[in-house]
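Reader: Can you walk me through how to read a ligand site and a domain interface? I'd like the general idea each time, then the case at hand.

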Amino acid sequence: MTKRVEIAQLLAQPPIGETITVSGWVRAFRANQFIALNDGSSMNNLQVVVDYENFDEALLKKVSFHSCISVTGKLVESKGAGQSVEVAAEQLSILGETNPDEYALQPKRQTMEFLREKAHFRMRTNTFSAVFRIRHALAFAVHKYYNDRNFYYLHTPIITGSDAEGAGEMFRVTTLPPENPPKKEDGSVDWKSDFFEKATNLTVSGQLQAEIGALALGKVYTFGPTFRAENSNTSRHLAEFWMIEPEVAFYDIQDDMDLAEDFVKYLINYVLDNYRADLEFLDKRIKDLEKNIKKEERREMGLIETLEFVVADDFARITYTEAVNLLQNSKPYKKGRFQYPVEWGNDLQAEHERWLVEKKFKKPVIVRDYPKDIKAFYMRLNDDGKTVAAMDVLFPGIGEVIGGSQREERLDVLKARMEEMDIPEEELWWYLELRKFGGAPHAGFGLGFERMIQFVTGMGNIRDVVPFPRTPGSAEF
Ligand code: 4AD
Ligand code: MG
């Protein structure tokens, strides 16, 4: 047998006339003659032509949807439309049978919900293989972007004792017996007798540790899993998601916004330049799906068009106060169409963010200087004493993809904020010492990796851009 070649490589530089071997999963078998074979190396299938007279009927019967086969034959120019080359099969073997009567998937369009329950097979579909190739592309581009700009990749811990966001939405990490944990005299659990001799949880953000890195290495970023036990069953929330958190010494909020905008544009460009076939497939997929819905509900632009549009233009930049004014003068506000109130001091809700991005500016918007009471303790207090140097990047169809801020570097101001918010100094003594010894102004942000993938792939639900979604009530696979 000749050595196996990957289909992507073979199609890029077809060795016409040579005998080659390919292996992969059958996407379709038409007229007992044409096999569409895919090995995952790219969006493209390789056409295999079988002359049924040369093969055992029982063998060809096993060439069914998503069975795994290996084929050896000559690579020739294709006479048919739709592909330039094809393999004329001389040998064909079945590596893994798939009995169509028992197999969960069918060769037809299936709902995303159904496929989620079959996560062990869904990557074999065109849609999910494209999504997960793009997920890889984006992860690679993240590292390339920062490496090319001399940032250091810092591995922050997954198990921590702190609640970086102060939101209390943490998964406890413990080895204490749940039915009978050791108790203190007052009846509360004695975490001193736990594995780490303190209460610990899965991290909600690597930021606080990244700040340690920034104040020594200058420019760092983290890229790892984060965990939030928030009970939000939405198309934008996961209990386990990945976050990219750059943190930079000597940056202020303006530098932070510039980095955020440049970074997300780079990621989009990287996929536009290198994963065109996958994007074209996903673009067409959305257009096909939208044929079934009302014209008004369809996207104004196609997927690729949206991506190209976002990288071409500057993002809008406004303050929170300006956002509130714009919202209060908006049509939906005046007609009472917003579900949540718009009042200075309240957090912007998804419906407000979407109006700003999709109706008002029709492009990504960066909102900054939020009221201090709705933001985390570590954000730098502005001179007005009411707002903090925070910024959120809002994307069409998604809402918040990035949340970031300039950090409070002034020890006295930080201490006062922590006291206001009931955050015990003992827990974050090291964070305070960073302000005491060789501190510096610094800033950073967190990009929600899955929300970014959602934007680039156009997938409607965040569960469909992560291989094995973790959401309330669901941790299969
Ligand atoms: O805005 P967040 O909570 O910011 C932080 O965690 C900061 N420590 C970041 C920093 O300044 N270094 O989260 C950052 C981003 C959000 O904008 C959102 O895109 C994403 O993380 N995110 C989630 N993605 C999926 N599921 C969830 N439950 C998410 N929560 C936040
Ligand atoms: Mg946020």
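Reader: Which oxygen or nitrogen atoms of ligand 1 does a polar side-chain atom of E400 lie close to, and at what distance?

Author: Look for polar contacts, meaning N or O pairs within 3.5 Å; within protein, one atom must be able to donate a hydrogen and the other to accept it, and residues adjacent in sequence count only if both atoms are side-chain atoms. Here a polar side-chain atom of E400 sits 2.6 Å from an oxygen atom of ligand 1. A polar backbone atom of V401 is 2.9 Å from an oxygen atom of the ligand, and S205 puts a polar side-chain atom 3.0 Å from a nitrogen atom of it. This is a predicted model, where local features need pLDDT of at least 70, side-chain atom pairs count only at pLDDT 80 or more, and totals for chains, interfaces and linings use all residues. Residues are numbered from 1 along each chain as written, chains are lettered from A and ligands numbered from 1 in written order, and side-chain values use heavy atoms, without hydrogens and water.

Reader: How many residues are around ligand 1?

Author: There are 24, and E165, Q207, E230, E245 and E400 come nearest (a residue counts if one of its heavy atoms lies within 4 Å).

Reader: And how do I read the size of the domain interface?

Author: The size of an interface is often given as the accessible area lost when the parts come together. Domain 1 (7-103) and domain 2 (124-169 + 204-464), with bounds from an automatic or database domain assignment, bury about 720 Å² between them (1.4 Å probe, summed over both). R27, M43 and H66 supply 68% of the area that domain 1 buries there.

Reader: How many salt bridges cross it?

Author: The rule, a side-chain nitrogen of Lys or Arg within 4 Å of a carboxyl oxygen of Asp or Glu, finds 0. It does find 5 residue pairs in polar contact, both at pLDDT 80 or more.

Definitions and conventions
Buried area = accessible area lost by both parts, 1.4 Å probe.
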